[in-house]
Protein chains: 2
Amino acid sequence: MTNKKRTTIKDIANVLKISTAAVSKALHDDSRISTETKEAVKKVAKELNYQPNHLASALRKGKSNLVGVIVPKTNSNFFSSVIQNIEEVLNKEGYNIIITQSNESYTKECNTIDTLLFTQVDGIIASMANETIDLSYYEKIKSKGIPLILFDRGENDLNVDYIGIDDYHSSHIIVEHLIEQGCQRIAHIGGYKHTRIFNNRIRGYIDALKKYNLPLDKELLIESNLTLQDGRKKMMQLLTLQKRPDAVYVAGDYAALGALQVLQENHINIPNDIALVGFGNEPFTAMVTPTITSIEQHSNEIGKQAANAFLAYTRGDFVKQKLNKTILDAALIVRDSSNIKDS
Amino acid sequence: MTNKKRTTIKDIANVLKISTAAVSKALHDDSRISTETKEAVKKVAKELNYQPNHLASALRKGKSNLVGVIVPKTNSNFFSSVIQNIEEVLNKEGYNIIITQSNESYTKECNTIDTLLFTQVDGIIASMANETIDLSYYEKIKSKGIPLILFDRGENDLNVDYIGIDDYHSSHIIVEHLIEQGCQRIAHIGGYKHTRIFNNRIRGYIDALKKYNLPLDKELLIESNLTLQDGRKKMMQLLTLQKRPDAVYVAGDYAALGALQVLQENHINIPNDIALVGFGNEPFTAMVTPTITSIEQHSNEIGKQAANAFLAYTRGDFVKQKLNKTILDAALIVRDSSNIKDS
DNA sequence: TATATTTGCTTAAACGTTTAAGCAAATATA
DNA sequence: TATATTTGCTTAAACGTTTAAGCAAATATA
């Protein structure tokens, strides 16, 4: 524990009898420093095991090289994969990320934002909690002039960069797929309408039914918080109907799993009696029996693009910063739970 | 974007015609500042929407109030739950955490450590990557005098605080449970022997067999990286044996799931033909069919204790800092995959 | 050869805090 | 009433960088 003080540029300067300014410039390969000096500085830096003090340079330069990432939960393949890709892109550019979880709670999300602002992050990349309706905390970020990028769960009203998939179109793909399988009464257990992505999925569902001349039955369209538990509850509700659906499209994989459990407990054949489609392509959808058809959201791509959107800001492409709404195409992964021909 | 400069204590000082030192002390409730001044300062601070510059105080105080957390992956219920609890405890004490993933890669882990040191974290709480054998990077943390706490995957040799469950005893509980179910040939798909926790599970397995006078069959003890894929592979290997096991204890849930899939594909009845036990109590173990018996590792408690161990250091209990090896008792969650009486 | 430019550094100030040292006024103590 | 202590502030320096401004020596240009 003989924690002798860390070496600073001052120490290097003393050894070489030059100024700290020269050392600083040498370490940053300033063109006005001779090659010999640079080499000497770097050699001594290595010898003394010099590690730059990030806080000092951050303070001086007015930027921390930290980016805050807010997700509803890390414990989901989608979000952890997005995070991993954000990290990969930003690390290359010298940024570190601070990951925080809102746990789907609005209060926790606000605290989290305060914490990140306090930590002087250079930007925030976020996906909103389910609960979040009031956007004033996000406005706070904007008003401080800190770049804000939203992905997956974001609101149009905020007028910031957004990366996500085409939820409206995804619903079309799913409904089309189910109709191809011969389904005629397709139910939708959707997310909260106030969240854009879930609203888009609902609109897509409704319009796709219209497109294929299927009637829209209000009983078959249910709002849910999309947890496993609520998926069970909403599936039970559907089973009590006089005219049961022959397919259920659930806007989240966890809730889809809940629905699957209920169907199995009631000895209903999947997909022949009722076909099932989830959303998100969580790994467990390929693990359960039957495997669940789902939508792949390209989490890797979303993470990379979100990071790049932030970098675009920092590179000062402010001139005529146009709002980037990047919408990726989703992919339907057909599995046993909706593959009627094969089963 | 009229990003007018942030308010500093200087601004507050100017308004009240007092020194910045007085402002600083007032904000920290220094006993040598009058109540009136404190109130006035806080009032103005609020009016000007003052937010302390964390970098400046960190630089001055020589501590960043950031704690680095390194996990093999965030995408696992165990780790994300540990993280959540670390965060909860540390946030209360004014610390923020920087979460990084090693992705089970030794190289990534080293980078991650460099990054955290560069960011001037006040401490590091880590669980090691599967690959990690060389501990020199962890020694680096210690040599810088930065508190290091390990949990779950940690090595004794490092001589630092450690929080985990009693893996040796967990194996005993599992083997006892399987014997109670009538199993006589119990296989173990274990983790890498060089990782302490997996080694302990293996030793526990061997000793428990001995205790109950069951022979140790080398064929039934297999080393694995415990991914889903490798679980499949190792299960197939067990099925090729002349004398198949009647129970398989897998040291990780993902690998257990792989084993389960292979058993089902071969129409082997679980648990009657072969009983199955996993480790970690990942949520999906309760979701698949049949549900998988597993070991609950008390991730919440581990997270809390790890955070508290770090806090103990910062509180300067250095005087006679004794090594804290906290070992929690694990709990066996019996499910269908090993419940022979009921099935 | 005289002047202009470039090279390679130094000096000094700054980023926004915190804190040791100190000082005058107010209050307590003998 | 004279001295000691406490209260409530200020002054000044420091944390470890970066960077604008400047200057002398070396080199290029006319």
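A polar contact here is a pair of N or O atoms within 3.5 Å. Keep that cut-off handy for these exercises on a predicted model.

**Exercise 1.** Find out which part of Ser34(A) and which part of Ser24(B) lie 2.7 Å and 2.4 Å from a phosphate oxygen of DNA strand C.

*Solution.* Start with chain A: Ser34(A) uses a backbone N or O atom, 2.7 Å from a phosphate oxygen of the strand. Now go to chain B, where Ser24(B) brings a polar side-chain atom to 2.4 Å from a phosphate oxygen. Last, look at a base: a polar backbone atom of Ala56(B) sits 3.2 Å from a base nitrogen of DNA strand C. As for elements, those giving two or more residues to the surface near the strand are H2 (20-27) and H4 (54-61) of chain A, along with H2 (20-27) and H4 (54-61) of chain B.

**Exercise 2.** Describe the protein surface around DNA strand C.

*Solution.* Count first: 26 residues surround the strand, and the closest include Arg32(A) and Arg60(B). On the DNA side, sugar and phosphate make up 53% of the strand's atoms that come within 4 Å of the protein. Next, sort the residues by class: 10 are nonpolar, eight polar and eight charged. Finally, pick out the top contributor: H4(B) supplies the largest share, four residues.

**Exercise 3.** Work out how chains A and B are related.

*Solution.* Superpose chain B on chain A: that takes a rotation of 180° with 0.0 Å of shift along its axis, and the RMSD is 0.1 Å. The two copies are therefore related as by a two-fold rotation axis. Then check the contact residues: 100% of those in chain B recur in chain A, so the same surface serves both copies.

Notes. Residues are numbered from 1 along each chain as its sequence is written. Chains are lettered from A and ligands numbered from 1 in the order in which they are written. This is a predicted model: local features need pLDDT of at least 70, side-chain atom pairs count only at pLDDT 80 or more; totals for chains, interfaces and linings use all residues. Side-chain values use heavy atoms; hydrogens and water are left out. A residue is near a molecule or strand if one of its heavy atoms lies within 4 Å of it. A polar contact is a pair of N or O atoms within 3.5 Å; within protein, one must be able to donate a hydrogen and the other to accept it, and residues adjacent in sequence count only if both atoms are side-chain atoms. Ala, Val, Leu, Ile, Met, Phe, Trp, Tyr, Cys and Pro count as nonpolar, Asp, Glu, Lys and Arg as charged, and the others, Gly among them, as polar. Copies are superposed by least squares on the C-alpha atoms of residues with pLDDT of at least 70 in both. Contact means heavy atoms within 4.5 Å.
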